[in-house]
There are 2 protein chains.
Amino acid sequence: MTGRAETLQRLAEVFRAHGYEGASLALISRATGLGKGSLYNLFPGGKAEMAALVLAEIDGWFEANLYAPLREAKQPAEAVSAMFDAVEAYFRSGRRVCLVGVVALGPERDRFGAAVRSYFARWIAALAGALERSGRNTAVSNALAEEIVVQVQGAIVLARALDDPAVFSRAMTALRVKAAA
Amino acid sequence: MTGRAETLQRLAEVFRAHGYEGASLALISRATGLGKGSLYNLFPGGKAEMAALVLAEIDGWFEANLYAPLREAKQPAEAVSAMFDAVEAYFRSGRRVCLVGVVALGPERDRFGAAVRSYFARWIAALAGALERSGRNTAVSNALAEEIVVQVQGAIVLARALDDPAVFSRAMTALRVKAAA
DNA sequence: ATCAATTTGTACCGATCGGTACAAACCCCG
DNA sequence: CGGGGTTTGTACCGATCGGTACAAATTGAT
């Protein structure tokens, strides 16, 4: 019925809301409106394949909407600013969890380690490149890019822990200033 | 046989390694060496009580070893430096996960929300107080304290994601400089 | 309209889940 | 040595887990 892309979106929400272990097939079936038959027809590999495809979908979205623009921007400073816009929108000011970060913290890290590593490594590399092209030297660019990604992840944790999206927004605002300086 | 405190330590490791849902009673039984009978004798409330007590134990450790020293230090700058020592040792340069942060990201946040909020709020408050007493004004102290806790959490995520403890160490070193400036 | 191929719902599988019941083993105080 | 209270292992509970089998329903090409 609904397309495969939409199904992946709903799957992502289920994994975000309940974690990998907590996302039972019953829950997944309810959330997607698909019976077990349909699910195993779409994803013969079961839950593991669903999670892998969800991670790949997220990775693709970041590649298209953040990494590629950062790499190819003619005006890197604007691209960095646009990245912050995209990050604030995507993570809904910390109300929405970073699924890749969650996987990195959890026991599924081993299974999806390569995907997780690539997602973050490419983020940092693309951002560092843009910062460098905006006038910084290599070492500073690398350090700043790493710090920005660290703070995005940490701000999600803290905003959720304190149940206060303002924590996330404050961190992003401070980072924007720092990145533009 | 072994004391209750040691049992809580092993419980914490199991929760860290497998998450709340993934920490089955079979796993817990194996890791603690205690049968179900003993476990439910020690923790009549089952898994939920185990997790709550583990969080309380962690909270108590941070209170005693980080928050209280930060609050009561005669030389606040030294206390902040000591906090970084303790943090690097406790989280093993990002190899060890922050269980409270993991809970904040996961579906158990609702159940343990109050404990999670208190843990982070008190950390930030104690740190902000020390920073203020070391010569900064209130606003700067609060912002810096929040940023430090954000970066600690984010550095754990990124160090695990990239499987590179140096990420964590670099972040801590940079924060020490910033806090001492 | 027909028929092969795909998609779907449902019944079912063994395994494991968190939790309970309870009797045997153990401990400690007399 | 005795005996009351606690600690322990084990058998067991219903529910749910991820996954499979398979027949009915649906689809698409001709």
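User: What makes the pair formed by the side chain of B:Ser38 and a sugar or linking oxygen of DNA strand D a polar contact?

Analyst: In this predicted model, an N or O atom in the side chain of B:Ser38 is 3.2 Å from a sugar or linking oxygen of DNA strand D. A polar contact is a pair of N or O atoms within 3.5 Å, so the pair qualifies.

User: How do you know that the side chains of A:Ser24 and A:Lys36 make polar contacts with DNA strand D, and which kind of oxygen does each one meet?

Analyst: For A:Ser24, an N or O atom of the side chain is 3.1 Å from a phosphate oxygen of DNA strand D, whereas for A:Lys36 the partner is a base oxygen of that strand, at 2.2 Å. The cut-off is 3.5 Å, and therefore both pairs count as polar contacts.

User: What makes A:Leu25 a residue near DNA strand D, and how many residues surround that strand?

Analyst: A residue is near a strand if one of its heavy atoms lies within 4 Å of it, and 14 residues surround DNA strand D, with A:Leu25, A:Lys36, A:Tyr40, A:Lys47 and B:Asn41 the closest. Of the atoms of DNA strand D within 4 Å of the protein, 59% belong to sugar or phosphate, and the rest belong to bases. H3(B) gives the largest share of this surface, four residues.

User: How do you know which contacts reach the phosphate oxygens of DNA strand C from B:Leu25, B:Tyr40 and B:Lys47, and which of them starts from the backbone?

Analyst: B:Leu25 places a polar backbone atom 2.7 Å from a phosphate oxygen of DNA strand C. An N or O atom in the side chain of B:Tyr40 is 2.6 Å from a phosphate oxygen of the strand, and for B:Lys47 a polar side-chain atom lies 2.9 Å from one. Set against the limit of 3.5 Å, these pairs therefore count as polar contacts.

User: What is the make-up of the surface near DNA strand C, by residue class and by helix?

Analyst: The residues of that surface divide into five nonpolar, six polar and three charged, and the largest share, four residues, comes from H3(A).

User: Why are the two copies of the chain described as related by a two-fold rotation axis?

Analyst: Chain B is superposed on chain A by a rotation of 180 degrees with 0.0 Å of shift along its axis, at an RMSD of 0.0 Å. The two copies are therefore related as by a two-fold rotation axis. In chain B, the C-alpha nearest the axis is that of B:Gly154, 1.8 Å from it. The same surface serves both copies, as 100% of the contact residues of chain B recur in chain A.

Note on methods: Residues numbered from 1 in each chain as written. Chains lettered and ligands numbered in written order. Predicted model: local features only at pLDDT ≥ 70, side-chain atom pairs only at ≥ 80, totals over all residues. Heavy atoms only, no water. Polar contact = N/O pair within 3.5 Å; in protein donor to acceptor, adjacent residues only side chain to side chain. Helix = DSSP H or I, 4+ residues; strand = E, 2+ residues; numbered from the N terminus. Nonpolar A, V, L, I, M, F, W, Y, C, P; charged D, E, K, R; others polar. Least-squares fit on C-alpha atoms with pLDDT ≥ 70 in both. Contact = heavy atoms within 4.5 Å.
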